[in-house]
Amino acid sequence: MLQDTSPFSDYVDTTFLIVVGISSLVLLGLMIAMIYFIIRYSRKRNPNPTNIEGNVPLEITWTVIPLALFMGMFYLGWHGYLKQITVPEGAHVIKVTARMWAWSFEYPNGVKTDTLYVPVNTPIKLSLHSLDVNHSLYIPEFRIKKDVIPNRENVMWFQTPRVASYDIACAEYCGLQHSYMYTKVVAKDSSDFERWYKEVSLKQSKPYLPMLKEEKVKE
Amino acid sequence: MTTVARTPEPDYLHAQTNRKGIGAWIFSTDHKRIGILYLVSMLVFFIAAVTFGVLMRLEMLTPGKTIMQPQTYNTFFTLHGIMMIFLFIIPGLPAVFGNFLLPLMIGAKDVFFPRLNLFSWWLFITGGLLALVSLFLPGGPADTGWTFYVPYSIRTTTNVIPALMAAFILGFSSILTGLNFITTIHRMRAPGMDWFKMPLFIWSLYSTAWIQILATPIIGITLLLVTIERLFGVGIFDPTLGGDPVLYQHLFWIYSHPAVYIVILPGLGVVSEILPVFARRTIFGYKVIAYSSLSIAFIGSLVWAHHMFTVGMSNTGMFIFSLLTFLVSIPSAIKVFNWIATLYKGSIKIEVPFLFVLAFIFQFSIGGLTGLMLGVLSVNIHVQDTYFVVGHFHYVMFGGTGFGLFAAMHYWFPKIFGRMYKNVPAFVGWLLMTIGLNLLYFPFLIMGYMGMPRRYYDYLPQFQTYHVISTVGSWVLVLGIIIIFVNLILSLKKGAKAPMNPWGGKTLEWTVASPPPVENFHEIPIVEKGPYDYSEYEIKPEIAK
């Protein structure tokens, strides 16, 4: 948690922790009240019940307060969601093709890999396609996921600040080997990435054009 | 009505009919016998589905293969889902306890359409048997998950069509039961029982019945369309023929989300029924609880696409469905507040049904609060299709309605069978079930947030600790269930004779003998007071001792 692996990972975690915090307090309060009432008003201590049929101000209170809290939660969620879906200008597009039970990543010059290599600190836009059934591209560490549906293009984006590798899972059930449809996203620093990109382009005899601008590589 | 107890008259269990043996049951139009038919058949499916669940948990004990192959695992979670949902938890409370109690609680001799009621059970059994048959047909049992998502459900070679047809037939059983209940509630309430003198369980059945009638036809037609697609390749959902798989998901959830409320509303009704009896005071906020059932039924019909937040919907869709999801939580929250307020200044006696209700409130609250977390869009994107979701709905379905069902079984057992059960084993069973359930499902929530996707045969090593805890929890839970069932079954024959009203309930079913006579009431009672009128205890405190 709070590893700052993508532009939205910390925001999602913080939102989650806020909601968990509020929920825990509410649950704790309710359970304390419940147990206290059961002990305090046990038949031994309180043989004489009082029939209280209701209380309108109280009903309004416990409608309005949750409503306000829920609207706050809704807003946080909506705001975080906008971060998750707003692809920055100039993001590099990588085409993802899912099939039972493997991922394939295609770079702008036609290079294809089964592991997703990306440069750090660079917005990457994934264009998602499926050849057969529904899949879902899920990078848990980035707190991001999008279904991959045949005959339909979905997009998702991320960028990641550190040189590291993370799991990519399939999150939509797709048959026998669904749980083995794992691969990795490997973030390389810019010059490393370009070196790799050049090599793999040569190997697959595709024309090499640098994906990143010169000055960024030199940084 | 007190004369009923004095005259030795055969109760519904021993009444002579013109048929003998099992025929006197499976062709009976007595709502009480039909309730028992549902109870027995449903428990058979429940035990089967629990077995699948326990075996799945055992498989998850270690990464890689533990006891079964991936294909077996995939069919197990499919069957576990189909049986638990369509054969156990949807018919559970309404078909068993609704059938048995609805006429008794509103002071009627039977439901409005007794024959249709029997026919509904026959449809239920036909659907259930078809689901069982599909296991043994060549091709193997379905492996699509209970959601039958296309295109996978069109491509797989397993027996999807019999499973679809089973669900289709079960849907009709559900619609007809709903229709019957609505008519009965409208037409057959005892004189004096106006809408706001109805027991809250009846309110919940009424709300449920409307969802059953309005939403179930949609799943029926959707499943039929999948069948047509498989057989004839029309191109409705199949993307290779230009169909839209997302359309299927919309149609599926338009029913299947309201189905969640078909499941939970009667559970909420049971809690509202049992709490005041053991607190020996009237329920807090009767009308609020009644209206909240209706509003859950209404708003609950408009939130289906929150199951599809990662599918690539428009922002407008995301905004509206998330907002409505938060709104539908409000009436549920209000119910919980009113229940706890019902304990205030009561005179509480702890008995087994009451304990199940307390566990219900705790677990349903966790289910509800994790539901809020799922309603938060950005968090949903992360935990969608992970164990977090699985944990959430098991807290609601099992921790909530499942426990509501066990509460109902222990609360109405003396009325239904005329026997008392032993308290100590029931208490031990309750304790084990509560501990087991939380051990089983709480780790799901943690794993889910860590990124463990659902419907996974194998998993990464970092999740193992949680899987082990969860699997141990499943053993504790099952041990509790076994103790509960053994206790209840032994009590059928050996339990002490139950009095007419063992708990001091105020609703009408407690005014007839245990077990009730065939015709329920010799004279239709006249209702003057609300269902939870305990005012007499305020005046004469010595009775309470």
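Where in chain B is Pro515(B) found? In this predicted model, Pro515(B) sits in the loop that runs between α16 (464-494) and α17 (535-539) of chain B, and the peptide bond that joins Ser514(B) to Pro515(B) is cis, with omega at about -10 degrees. A second cis peptide bond leads from Val150(B) to Pro151(B), with omega near 5 degrees, and Pro151(B) belongs to the loop between α5 (114-136) and α6 (152-155) of chain B.

**Backbone features in loops**

Most residues other than glycine have a negative phi, and most peptide bonds are trans. Besides the cis bonds, the backbone has a positive phi at Asn151(A), which is not a glycine, and likewise at Arg455(B), which is not a glycine either. Asn151(A) lies between β7 (144-148) and β8 (154-158) of chain A, in the connecting loop, whereas Arg455(B) is placed in the loop between α15 (423-450) and α16 of chain B.

| Residue | Phi | C-beta neighbours inside 10 Å |
|---|---|---|
| Asn151(A) | about 65 degrees | 16 |
| Arg455(B) | about 60 degrees | 21 |

Is Arg455(B) buried or exposed? A residue is buried if 20 or more other C-beta atoms lie within 10 Å of its own, so Arg455(B), with 21 such neighbours, counts as buried. Asn151(A) has 16 C-beta neighbours inside 10 Å and therefore counts as partly exposed.

Another loop residue, Glu9(B), is found between α1 (3-6) and α2 (23-26) of chain B, and Glu9(B) is partly exposed because 15 other C-beta atoms lie within 10 Å. In sequence Glu9(B) and Pro516(B) are 507 residues apart, yet in space their C-alpha atoms are 9.9 Å apart.

**The nonpolar core**

In soluble globular proteins, nonpolar side chains tend to be buried together. Here the largest nonpolar core holds 233 residues, and the members that touch the most others are Met83(B), Ile202(B), Ile274(B), Phe356(B), Val357(B) and Ala407(B). Helix α4 (residues 70-106) of chain B gives the largest share of this core, with 23 residues, while domain 1 (9-85) and domain 2 (92-218) of chain A each supply at least three residues. Once neighbours within four places in sequence are left aside, Met83(B) is in contact with Phe45(B), Ala48(B), Ala49(B), Phe88(B) and Ala131(B).

**Chain A and its contact with chain B**

Chain A is divided into domain 1 (9-85) and domain 2 (92-218), and the C-alpha centres of these two domains of chain A lie 42 Å apart. An open sheet of 5 strands in chain A has the order β3-β2-β1-β5-β8, with mixed pairing; its edge strands, each pairing on one side only, are β3 (112-113) and β8 of chain A. Within this chain, strands β1 (residues 92-99) and β2 (residues 102-106) run antiparallel and are joined by 5 bridges, and Ala98(A) has Trp103(A) of β2(A) as its bridge partner.

How many residues of chain B are in contact with chain A? There are 73 residues of chain B in contact with 67 residues of chain A. On the side of chain B that touches chain A, helix α11 (residues 315-343) of chain B contributes the largest share, 13 residues, and by class this side has 44 nonpolar, 19 polar and 10 charged residues.

How values were computed: Residues are numbered from 1 along each chain as its sequence is written. Chains are lettered from A and ligands numbered from 1 in the order in which they are written. This is a predicted model: local features need pLDDT of at least 70, side-chain atom pairs count only at pLDDT 80 or more; totals for chains, interfaces and linings use all residues. A nonpolar core is a set of buried Ala, Val, Leu, Ile, Met, Phe, Trp, Tyr and Cys residues joined through C-beta atoms within 7 Å. A residue is buried if 20 or more other C-beta atoms lie within 10 Å of its own, exposed if 12 or fewer, and partly exposed in between; C-beta atoms are placed from the backbone. Helices (H or I, at least four residues) and strands (E, at least two) are DSSP runs, numbered from the N terminus. Domain bounds come from an automatic or database domain assignment. Two residues are in contact if their C-beta atoms, placed from the backbone, lie within 7 Å. Ala, Val, Leu, Ile, Met, Phe, Trp, Tyr, Cys and Pro count as nonpolar, Asp, Glu, Lys and Arg as charged, and the others, Gly among them, as polar. Two strands pair if DSSP finds at least two bridges between them.
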